[in-house]
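Reader: I am in my first year and still learning to read a model like this one. Could you take a close look at a single part of the surface for me, and then show me how other contacts in the chain can be read in the same careful way?

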Amino acid sequence: MVRNDSGLLQVEYLIKKRVLSQKGGLSSRRSEIFPREVSASTYRDVLKEIKRRHLFNIIVDIKDLPCFFRKILQLQMNEARYHYHFTTLDLEMFDLEDFGYNNVNITAFRLIEQNGPNMRSIEDMQRFYPKSNPKMVLQSDAALIYDGVLSFSHGLRSFDASHQIRPANVSCDREQSWSDGLSLLNYINSVSFDGLTGKIQLREGSRHDPSLTLLKLKNRSLQPVGRWSPSTGLSVHDHDAFSSGDCPNVTLRVTTVLEKPYVMLKSDVNLTGNSRYEGFCIDLLKDVATLVGFQYTIEIVADGKYGVEDPHTKQWNGIVRELIDGKSDLAVGSMTINSAREKVIDFTKPFRNLGISILFKLPKKPPARLFSFLNPLSAEIWAYVAGAYVLVCFTLFVVARFTPNEWLAPPPCAGDEGVLENQFSFPNSVWFITGTFLRQGSGLNPKATSTRLVGGIWWFFTLIIVSSYTANLAAFLTVDRKSTPIESAEDLADQSDIQYGTLEHGSTMDFFRNSSMETYQKMWRYMESRPNVFVPTYEQGIKRVLQGNYAFLIESPMLDYVVQRDCNLTQIGGLLDSKGYGIAMPKGSPWRDKLSLAILELQEKGMIQLLYNKWWKNTGDVCNRDDKKDSKASPLGVDNIGGVFVVLLAGLILAVIVAICEFFCHVKRNASVRK
């Protein structure tokens, strides 16, 4: 902002210097330059345009500063994100009391050396100060006149010490000059002394290497923070004035969204102000404010959204909209850092890393079957075992009939001399195979090599089968197995029976909309064609998951919080991406570096992890999950092994029935013999 054409020429010179530096690779950051020639009647309009364009670094080259200050205050542009640099060298003569409370950045240069040795010699000049200078500050014009007269005095004194001064009358109308004028000018150019405006040295009639003091508004007054000269450039000795320092009188407007466990309303309705809120982000904000040094007021965003860009109108909503419009200074909550938001607002370093995952309802535990002891082997294997059993029984019977070594004479007491017997009748073959299969003896011993081969192969087969069955039996009877219909995002994308969606107007929805991966693009096309799968709040999304047949794509910290409090919910698969939560602020905010350093300090001290444990794990409402029992043996009930008792009872009943049949058959046979 300049007051006349000469100021515009100076701005044009600065623009050319900046363009040349960018072309030369000296600066990689490009920014908008907005030069305007102003007058007292246009201050307000130009400032409103600057505010609308979100320009925060302003160079002011005007004379009517009191009027300009009033316009700044009226438009509430005296905030910490604005930086005003005034070209006047007499900024100290103006009253800046109204700018000392909101940490607004005001800088200027001063020409006069306030602590110089010549300041005491001009105390008598104070009575000549104009009434417009109530602070009695020596102005630069007067100091320059004083140093100019003093330079002439030093040069004239040196000239008089070595030459005879010969005064002469000269006229401006004639070309004739004073004969000693050039010599006097050379003596003036050679003078060197400490004046009111610093070291005075002249070269060819111009000031050589002047020095300026950099001033910055700090603690409600302008204080020196650095120096500048053409030879050395700018040197700042008080970096804290720009990067850190306590600002206890600054009150920032913080906007957020009510969301468990980040920001919640306390149950006490009589509380007011910031004390109404609690949660992870409230505690984090309190710790950060203590480290950085500021006060704050918390407000809830009107539409309850974090902010997403409308693809058609290119307009943002939610918290992002408020930050862009300058209605808030900071935003805390589960505010995800992404490239789209970084283009319009700034973020601190992430205070928590996260990713997108799938929230799903745990399937109900399948009821235990009566014959669950058969589960270690599949039905197909049991069929093969039964077939092998019958085959081996028949093979042993046939081989024993063929081999002569299995035909033996009966004992002498049997009375059947000359008759050979074979011990492997079909019932005995079945009994032998059954006994060895159940790891029991049968009282029968093969004597022929062929029958021993059959028995050995059968023993090896039963060793493997029984060992495999025993190894799996404990796991199947003692571990609760709950299978879910989906195991990953790919499974979710390849089916259509289970609906899935995200939070409406959030970063998760943006992730799927802008993703270049085929799986996520397929999921976005599904969600886009069914608008009813989007939910306005996390609570409604969780409620739909509990109702069944719905998967909620949610950020991992919120998923952890919900899963730990409802044992009916679980996480499916791993994280789909990697990102972080950060504290948001308007573009160009001076608080970004301070808050980032505070977050890093809290992370190094473990304070953020303590806050996580406080609000995620130590709240007293965490459920006891049965999943922890998966690796431990659980007591077996009748539902697990009741089938064994059924088999035992059935076997006993069958034995009794067979015994009765055998008894009647024996009685009938004896009756027929007696006849």
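Author: Phe664 lies in helix 20, which covers residues 638–674, and in this predicted model Phe664 counts as exposed, because its relative accessibility is 55% and the cut-off for exposed is over 50%. Phe664 is part of a nonpolar patch on the surface, together with Val656, Ile660, Phe663 and Val667, and these residues have about 490 Å² of accessible area together. The UniProt record, in an unreviewed entry, places the feature "transmembrane region" at residues 641–665, as well as at residues 381–400 and 457–479. For residues 381–400, the chain is 100% helix and 0% strand, with end C-alpha atoms that are 28 Å apart.

From an exposed ring we can turn to buried ones. Counted through the model, the aromatic pairs come to 33, and one of them is formed by Phe68 and Phe86, whose rings are 6.1 Å apart from centre to centre, with 85° between the planes, which is an edge-to-face arrangement. Phe68 belongs to helix 3 (residues 65–74) and Phe86 to strand 2 (residues 83–86), so this pair ties together parts that are 18 residues apart in sequence. Both rings belong to buried residues, since Phe68 has a relative accessible area of 0% and Phe86 has one of 1%. Another edge-to-face pair is made by Phe512 and Tyr520, so described because their planes stand at 85°, while their ring centres are 5.7 Å apart; Phe512 and Tyr520 are both buried. Phe68 and Phe86 also belong to a cluster linked by ring pairs, which includes Tyr43, Phe56, Phe69, Tyr82, Tyr84, Phe94 and Phe99.

A ring can also have a charge over it. The charged end of Arg352 sits over the ring of Trp616, at 5.8 Å from the ring centre, and Lys594 lies over the face of Trp591, where the distance to the ring centre is 4.6 Å.

Charges can meet each other as well, and a search of the whole structure finds 16 salt bridges. In one of them Arg227 is joined to Glu113, with 2.8 Å between the closest N and O atoms. Arg227 is in strand 8 (residues 221–229), whereas Glu113 is in the loop between strand 3 (105–110) and helix 4 (140–162), so the salt bridge ties together parts that are 114 residues apart in sequence. Arg227 is partly exposed, with a relative accessible area of 33%. Asp329 and Arg253 form another salt bridge, in which the closest N and O atoms are 3.5 Å apart. This pair, too, links distant parts of the chain, for Asp329 is in the loop between helix 8 (318–324) and strand 14 (330–331) and Arg253 is in strand 10, 76 residues apart. Asp329 counts as buried at 11% relative accessibility, whereas Arg253, at 25%, counts as partly exposed. Glu601 and Lys605 also meet through their side chains in a salt bridge, at 3.0 Å from N to O; here Glu601 is partly exposed, at 31% relative accessibility, and Lys605 is exposed, at 54%. Elsewhere, Glu49, Arg52 and Arg53 are joined into one network by salt bridges that share partners.

The backbone deserves the same care. As a general background, most residues other than glycine have a negative phi, and most peptide bonds are trans. Against that background, the peptide bond from Lys260 to Pro261 is cis, with omega near -10°, and Pro261 is found in the loop between strand 10 (251–256) and strand 11 (264–265). Gln76 has a phi near 55°, which is a positive value in a residue other than glycine, and Gln76 is placed in the loop between helix 3 and strand 2. Helix 3 and strand 2 are also the elements that hold Phe68 and Phe86. Asp209, which is not a glycine either, has a positive phi of about 50°, and its place is in the loop between strand 6 (206–207) and strand 7 (212–218). Asp209 counts as partly exposed, with a relative accessibility of 30%.

Notes. Residues numbered from 1 in each chain as written. Predicted model: local features only at pLDDT ≥ 70, side-chain atom pairs only at ≥ 80, totals over all residues. Heavy atoms only, no water. UniProt positions renumbered as here; feature names shortened; annotations may be inferred. Helix = DSSP H or I, 4+ residues; strand = E, 2+ residues; numbered from the N terminus. Phe/Tyr/Trp six-rings, centres within 6.5 Å; stacked < 30°, edge-to-face > 60°. Buried < 20%, exposed > 50% of the residue type's maximum accessible area, 1.4 Å probe, protein only. Lys NZ or Arg CZ within 6 Å of the ring centre and 35° of its normal. Patch = residues over 30% accessible without salt bridge, like charges linked within 9 Å, V, L, I, M, F, W, Y side chains within 5 Å. Areas by Shrake-Rupley, 256 points an atom, 1.4 Å probe, with all protein chains shown as cover. Salt bridge = Lys/Arg side-chain N within 4 Å of Asp/Glu carboxyl O.
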